[in-house]
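Here is a short note for a colleague who has not met this structure before. Please read the points with the structure open.

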Amino acid sequence: MKKRLAQWLLRQLGWRLEGSRPTYDHYVLIAAPHTSNWDFPLMLLFAAAFDIKVTWMAKHSLFYPPMGWIMRAMGGMPIIRHRNSNVVSSMVAAFDTVPHLVL
């Protein structure tokens, strides 16, 4: 149902779906050009339309109550950007340990 709703919404917004879902277990999905706030909801719609469970990174301040649980439920992963926290190393480790990961 979520897939069909996302496909319908994208069509209503003037988008046309092409191609198919990648068959890889791990990959990085890039929502570009990331020049507006519409990139995020469109990325979620396209992921739903192709039935892809995405994990996305965002600044940690977006994960405080009351929105924190919603952001995590949508696949969000908080990142502390003002401190050196080896995000790249953490993501490499996640790709090594999680059987299916789309970042």
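**Notes on the predicted model**

1. Start with T55. T55 counts as buried, because its relative accessibility is 14% and the cut-off for buried is under 20%. Keep in mind throughout that this is a predicted model. T55 sits in the loop between helix 2 (39-49) and strand 2 (56-59). Which residues does T55 touch, once neighbours within four places in sequence are left aside? They are G75, M77, L101, V102 and L103.

2. Now the overall plan. The protein chain has four helices and four strands. Along the sequence, the pattern reads α-β-α-β-α-β-α-β. Taken along the principal axes, the C-alpha atoms fill a box of roughly 40 × 30 × 25 Å. The chain has 103 residues, and buried residues make up 29% of them.

3. Contacts across the sequence come next. Take contacts between residues at least 6 apart in sequence: 55% of these join residues at least 24 apart. The contacts of T55 with G75, M77, L101, V102 and L103 were listed in point 1.

4. Helix 2 deserves a close look. Is helix 2 largely enclosed or largely open? Helix 2 is largely enclosed by the rest of the structure, because eight of its 11 residues are buried. Those residues are D39, L42, M43, L44, L45, A47, A48 and A49. They pack against helix 1 and strand 2.

5. Check the backbone where helix 2 ends. Just after the helix, D51 takes a positive phi of about 55 degrees. D51 is not a glycine. Most residues other than glycine have a negative phi, and most peptide bonds are trans. D51 lies in the loop between helix 2 and strand 2. D51 counts as partly exposed, because its relative accessible area is 45%.

6. A second backbone feature involves two prolines. The peptide bond from P65 to P66 is cis, with omega near 5 degrees. P66 lies in the loop between strand 2 and helix 3 (68-73).

7. L17 belongs to the loop between helix 1 and strand 1 (26-27). Is L17 buried or partly exposed? L17 counts as partly exposed, because its relative accessibility is 29%. Leaving aside neighbours within four places in sequence, L17 is in contact with Q7, L10, F46, A49 and F50. One of these partners, A49, is among the buried residues of helix 2. How far apart are the C-alpha atoms of L17 and N84? They are separated by 39 Å, with the two positions 67 residues apart along the chain.

8. How many salt bridges are there? The count comes to one. E18 forms a salt bridge with R16, with the closest N and O atoms 2.4 Å apart. E18 counts as exposed, because its relative accessibility is 54%. R16 is exposed too, because its relative accessible area is 64%.

9. Turn to charge on the surface. K3, R4, R11 and R21 gather in a patch of positive charge. R4 is found in helix 1 (residues 2-12). R4 is exposed, because its relative accessible area is 65%. For the protein chain, there are 11 positive and 5 negative charges. The mean positions of the two sets are 9 Å apart.

10. Helix 1 also contributes to a nonpolar patch. L5, W8 and L9 make a nonpolar surface patch of about 280 Å². L5 lies in helix 1. L5 is partly exposed, because its relative accessible area is 48%. An α-helix has 3.6 residues a turn, so residues three or four places apart point the same way.

11. Last, the surface in total. The accessible surface of the protein chain comes to about 7900 Å². Of that area, 61% belongs to carbon and sulfur atoms.

Key. Residues numbered from 1 in each chain as written. Predicted model: local features only at pLDDT ≥ 70, side-chain atom pairs only at ≥ 80, totals over all residues. Heavy atoms only, no water. Helix = DSSP H or I, 4+ residues; strand = E, 2+ residues; numbered from the N terminus. Buried < 20%, exposed > 50% of the residue type's maximum accessible area, 1.4 Å probe, protein only. Contact = heavy atoms within 4.5 Å. Patch = residues over 30% accessible without salt bridge, like charges linked within 9 Å, V, L, I, M, F, W, Y side chains within 5 Å. Areas by Shrake-Rupley, 256 points an atom, 1.4 Å probe, with all protein chains shown as cover. Salt bridge = Lys/Arg side-chain N within 4 Å of Asp/Glu carboxyl O. Lys, Arg positive; Asp, Glu negative; His and termini not counted. Charge placed at Lys NZ, Arg CZ, Asp CG, Glu CD.
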